[in-house]
Amino acid sequence: MKRFRNLFVLVATLLATSCSDESGLVTTTNEKTDKICFDIDFANASRVATDKDYNSIWEVGDAVGVYAVKQGETLSATAGDNFLHNIKLTYDGTRWNAETDLRWPNSGGTFVFYAYYPYDANATNPTSIDFCIDTNQYEADNFKTSDLLASDAVIAEAGEVVRLPFKHMLAMVELQIPYKLFN
């Protein structure tokens, strides 16, 4: 099992512009609001899952992790020091749903967002995340979740849509496959 340490998590743009409403569902909007809205997509990145035309796609159940800090502040391993700390967004096929109600602070401000895929609940330190490639690559889900995606830091004013464009982070990774598997 390969282990990648000290990955600095970055933010990304996703498929639909979305905000959590009172029920926790994500709705599409471009209006300024106190709810945090995300536009999540791919930034010319390859991904394991593709549609019939070989375009990168998100699948039902895909989840990303999001961190955010006020501009000028540094990401911290302490959840209370970050504006958002490893918030899970899950794709339901049409929308991204947050586990919690995400709202901008009343004081406004400018924030820097970082995001990564696949989501890991144990990723408590955003400057040092363990990432493992599953040794069983025969299973489609294992193959998919061995694909690390992230995005550059995204700056957004309170009330704006946070655009998160994801990129493939493990291009040119060398894997060793024992010859005996094929005999």
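User: Is Trp58 buried or exposed?
Analyst: Trp58 has a relative accessible area of 5%. The cut-offs are under 20% for buried, over 50% for exposed and partly exposed in between, with a 1.4 Å probe and protein chains only. So Trp58 counts as buried. Bear in mind that this is a predicted model, where local features need pLDDT of at least 70, side-chain atom pairs count only at pLDDT 80 or more, and totals for chains, interfaces and linings use all residues. Residues are numbered from 1 along each chain as its sequence is written, and side-chain values use heavy atoms, leaving out hydrogens and water. With that said, the label for Trp58 is buried.

User: How many aromatic pairs does a search of the whole structure find?
Analyst: Rings of Phe, Tyr and Trp (its six-membered ring) pair if their centres lie within 6.5 Å; planes under 30 degrees apart are stacked, over 60 edge-to-face and the rest tilted. Searching the whole structure on that basis gives 12.

User: What kind of pair do Phe42 and Trp58 make?
Analyst: Their ring centres sit 4.6 Å apart. The planes are at 20°, so the pair is stacked.

User: How many residues apart in sequence are the parts that Phe42 and Trp58 tie together?
Analyst: Phe42 is in strand β4 (residues 37–42), strands being DSSP runs of E, at least two residues, numbered from the N terminus. Trp58 is in the loop between β4 and β5 (63–70), so the separation is 16 residues.

User: Which class fits the Trp104 and Phe113 pair?
Analyst: Trp104 and Phe113 are both buried. Their rings are 5.8 Å centre to centre with 80° between the planes, which is edge-to-face.

Technical notes. Helix = DSSP H or I, 4+ residues; strand = E, 2+ residues; numbered from the N terminus.
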